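Got the viewer open? Let's take a short walk through this one, stop by stop.

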Amino acid sequence: MSRAVLSIGANMGDTVAALTGVREHFGDVVVAASAIHATPPWGPVGQDDFDNAVLIVDDPARDAHDWLEEGFACERAADRRREVRWGPRTLDVDVVSVTVEGTTVVDDDPHLTLPHPRASIRAFVLVPWLDADPEARLWTPDGERAVVDLVADLPTDDVTGVRRRDVPGWDRLPVVAR
């Protein structure tokens, strides 16, 4: 079994449609999904707020690199351009964490570093992840930690800046119980 946590976000164009497109792309391998959250941009580039969500996907036929390639396919479909690091985007799909047969994949491959090296300090990843999985845990260089504890360690302004949105129809998209 290969299970991945995907952080998805967009701040250009129809952001809800972009996030919905990712959720529909993964279809019946989505086992949990957070609500959509409005979040301030992360990094030094001035830009509009993002809409972010977390999907938990599960498919024994996929490995970590397959999840990455599927995310890239979604980004290409949304006409994603990689011109400015941490800049505005039509869609961003990040592989945050992957487990295979219950074991967390830890890899410093420059193409796909797992777990995502900055996930533990990003409220826009952690808060939606807790929404999708309140028992979530993340491997860090200091050992595995409960995501709820990682959120508690973040600056309060970072956490309160992540605002749950009521998006009609998002909660009615299918999620497969596994």
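Start by selecting glutamate 101, which you'll find in the loop between strand 5 (92–100) and strand 6 (103–104). Keep in mind as you look around that this is a predicted model. Check the backbone here: phi of glutamate 101 is near 50°, a positive value in a residue that isn't glycine. Is glutamate 101 buried or exposed? It counts as exposed, because its relative accessibility is 62% and the cut-off for exposed is over 50%.

Next, select residues 85–96. The UniProt record, an unreviewed entry, puts the feature "domain: 7,8-dihydro-6-hydroxymethylpterin-pyrophosphokinase" on this stretch. Colour it by secondary structure and you get 42% strand and 0% helix, with the end C-alpha atoms 18 Å apart.

Now hop to proline 115, in the loop between strand 8 (113–114) and helix 3 (123–132). Show the backbone and look at the peptide bond leading in from leucine 114: this bond is cis, with omega near -15°.

Time to zoom out and show the whole protein. You should be able to pick out 5 helices and 11 strands. The C-alpha trace spans about 40 × 35 × 30 Å along its principal axes. The radius of gyration is 15 Å, which agrees with the value near 16 Å for a compact globule of 178 residues. Of those 178 residues, 48% count as buried.

Switch on contacts: among those between residues at least 6 apart in sequence, 69% join residues at least 24 apart.

Last stop, the charges. Colour the 18 positive and 32 negative side chains; the centres of the two sets lie 3 Å apart. Then turn on the surface, about 8900 Å² of it accessible, with 50% belonging to carbon and sulfur atoms.

Terms used. Residues are numbered from 1 along each chain as its sequence is written. This is a predicted model: local features need pLDDT of at least 70, side-chain atom pairs count only at pLDDT 80 or more; totals for chains, interfaces and linings use all residues. Side-chain values use heavy atoms; hydrogens and water are left out. Helices (H or I, at least four residues) and strands (E, at least two) are DSSP runs, numbered from the N terminus. The radius of gyration is taken over C-alpha atoms; the globule rule is 2.2 Å times the number of residues to the power 0.38. Buried means under 20% relative accessible area, exposed over 50%, partly exposed in between (1.4 Å probe, protein chains only). Contact means heavy atoms within 4.5 Å. Accessible areas come from the Shrake-Rupley method with a 1.4 Å probe; for residues, only the protein chains shown count as cover. Lys and Arg count as positive and Asp and Glu as negative; His and the chain ends are not counted. The place of a charge is taken as NZ of Lys, CZ of Arg, CG of Asp or CD of Glu. UniProt positions are given in the numbering used here, feature names are shortened, and annotations may be inferred rather than shown by experiment.
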